[in-house]
Amino acid sequence: MARVRLAGGGVSRNVQPEEVGMSGEKTALIVLNWNGARDTLACLASLTKVESPAFTTLLVDNGSSDGTVGLVRQAFPQVEILELPRNLGFAGGNNAGFASLRGRGFDSVVFLNNDTVVDPGFLQPLLNELQKPWVGIAAPKILYMDDPGRIWYAGGVLKPATGLIEHTGIRQPDGPRFDAPKPVGYATGCCLAMRRRDFEAVGGFDERFRMYGEDVDLSMKIRERGLVVMYQPASRLWHRVSASSGGEMSLGKQLRKSGAAMTLFAKHGIFGGLLLYPLLLPLRTLFALLRFQLFRRASSQEREGA
């Protein structure tokens, strides 16, 4: 059985009146951790600077062995902790965190990667989007932490018929063209906000996706209900993934993403994607590698000129 504790020890508490936003709605923010103490502490520190609206933070620890839980209890006694006995993965861990909050009257939930640092004003724009009945998911602008003026996510392009799934603007300099709110194909699990009832209605994250694809699947389920996934650039955060190391292009990561994509297309009966994704994958990989090399060259020239 999972144990729910407060960071300072003791039992789970009820939400206090000061945790209720000005709209009268209550928000829970779920941060998932697995052996990521340094990143998690930095993420939670950034959340302490988010003064409005009020929210409850729940750290879900996926069976870590690096002492994260003890460090968080000491540094952030206001943070609630759900300790899981083993690593349930992204989908399983977040679903367990959400389930632990049932019955406490939360109206909205934000799922946030632990390897992020948020802007103090990141939360309100997302919650504002959820006030619109046609919006099912709100997603922020996400930039690289090691290159904070460069885009990691500014929306998601999803073309199931051809199997295309890609972040808008990835590795490109931030600018006015990424500053307009708009409906997008999918939200990234790095950070997304939803109404509690919508997350429940679609059954949460599909735990068949052990890594990658669960966020796109969630977005597709929301869109199938006639709701939109809204990119809201007034909300910003920074993601600890290197823009220049090439880790995103590693063979292992590409294989895992490819497997997740095929699972996604099979689940939703997208036969065009099942057929064309593997056929077009070598060409897309080649183009991605060429774009990455061009980016590295331009980045190097920028540093030399600085």
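Strands in this tour, numbered from the N terminus, are DSSP runs of E with at least two residues, and the loop between β10 (164-167) and β11 (182-184) is where to make the opening selection, Arg-171. The model on the screen is a predicted one, and Arg-171 in it has a positive phi of about 70 degrees although it is not a glycine. Most residues other than glycine have a negative phi. With the cut-off for buried set at under 20% relative accessible area, Arg-171 counts as buried because its relative accessibility is 12%.

**Colouring by confidence**

Before going further, colour the chain by pLDDT, for which the mean over the protein is 85, with 76% of the residues reaching 70 or more. Residues 1-22 have a pLDDT below 50, and this stretch nevertheless has 51 contacts in the model beyond near neighbours in sequence.

**Strand β2 and its partners**

Select residues 27-33 next, which form strand β2; seven of its seven residues are buried, so the strand is largely enclosed by the rest of the structure. In a regular strand the side chains alternate between the two faces of the sheet. On one side of β2 lie Thr-27, Leu-29, Val-31 and Asn-33, on the other Ala-28, Ile-30 and Leu-32, and the residues of both sets are buried, which leaves both faces of the strand covered.

Now add residues 108-113, strand β5, which runs parallel to β2 and is joined to it by six bridges; within this pairing, Ile-30 stands opposite Phe-111. Add also residues 56-62, strand β3, which pairs with β2 in the parallel sense, again over six bridges, and look there for Val-60, the bridge partner of Leu-32. Following the chain from β2 to β3 takes the viewer through helix α1 (residues 37-47), and this β-α-β crossover is right-handed.

**The loops on either side of α1**

Two backbone details can be picked out along that path. In the loop between β2 and α1, select Asn-35, which has a positive phi of about 50 degrees although it is not a glycine; Asn-35 is partly exposed, with a relative accessible area of 30%. In the loop between α1 and β3, select Pro-53, and inspect the peptide bond leading to it from Ser-52, which is cis, with omega near -5 degrees. Most peptide bonds are trans.

**The nonpolar core**

Which residues have the most contacts inside the largest nonpolar core? Select Leu-47, Leu-112, Phe-122 and Tyr-153, which hold that place in a core of 76 residues. Strand β7 (residues 135-144) gives the most to this core, contributing seven residues. Centre the view on Leu-47 and, leaving aside its neighbours within four places in sequence, display the residues in contact with it, which are Leu-29, Val-31, Phe-55, Thr-57, Leu-112, Val-118 and Phe-122.

**Salt bridges**

A search of the whole structure finds 15 salt bridges, and three stops serve to illustrate them. The first stop is the pair Arg-104 and Glu-80, whose side chains meet at 2.9 Å, N to O. Arg-104 is in the loop between α3 (89-100) and β5, whereas Glu-80 is in strand β4 (residues 80-84), so that this pair, 24 residues apart, links distant parts of the chain. Arg-104 counts as buried at 14% relative accessibility, and Glu-80 is likewise buried, with a relative accessible area of 0%.

For the next stop, select Asp-119 and Arg-236, which form a salt bridge at 3.1 Å, N to O. Here too distant parts of the chain are linked, since Asp-119 sits in the loop between β6 (116-118) and α4 (123-130) and Arg-236 in strand β13 (residues 228-239), 117 residues apart. Asp-119 is buried, with a relative accessible area of 18%, whereas Arg-236, with 30%, is partly exposed.

Where do Asp-217 and Lys-221 lie? Both are in helix α6 (residues 214-224), four residues apart, about one turn of the helix. Their side chains meet in a salt bridge at 3.7 Å, N to O, and both residues are buried. To finish, extend the selection to Asp-206, Arg-208 and Lys-267, which are joined with Asp-217 and Lys-221 into one network by salt bridges that share partners.

Definitions and conventions:
Residues are numbered from 1 along each chain as its sequence is written. This is a predicted model: local features need pLDDT of at least 70, side-chain atom pairs count only at pLDDT 80 or more; totals for chains, interfaces and linings use all residues. Side-chain values use heavy atoms; hydrogens and water are left out. A nonpolar core is a set of buried Ala, Val, Leu, Ile, Met, Phe, Trp, Tyr and Cys residues joined through side-chain atoms within 4.5 Å. Buried means under 20% relative accessible area, exposed over 50%, partly exposed in between (1.4 Å probe, protein chains only). Contact means heavy atoms within 4.5 Å. Two strands pair if DSSP finds at least two bridges between them. A crossover is right-handed if, with the strands pointing away from the viewer, the path from the first strand over the helix to the second runs clockwise. A salt bridge is a side-chain nitrogen of Lys or Arg within 4 Å of a carboxyl oxygen of Asp or Glu. pLDDT is the predictor's confidence in each residue, from 0 to 100.
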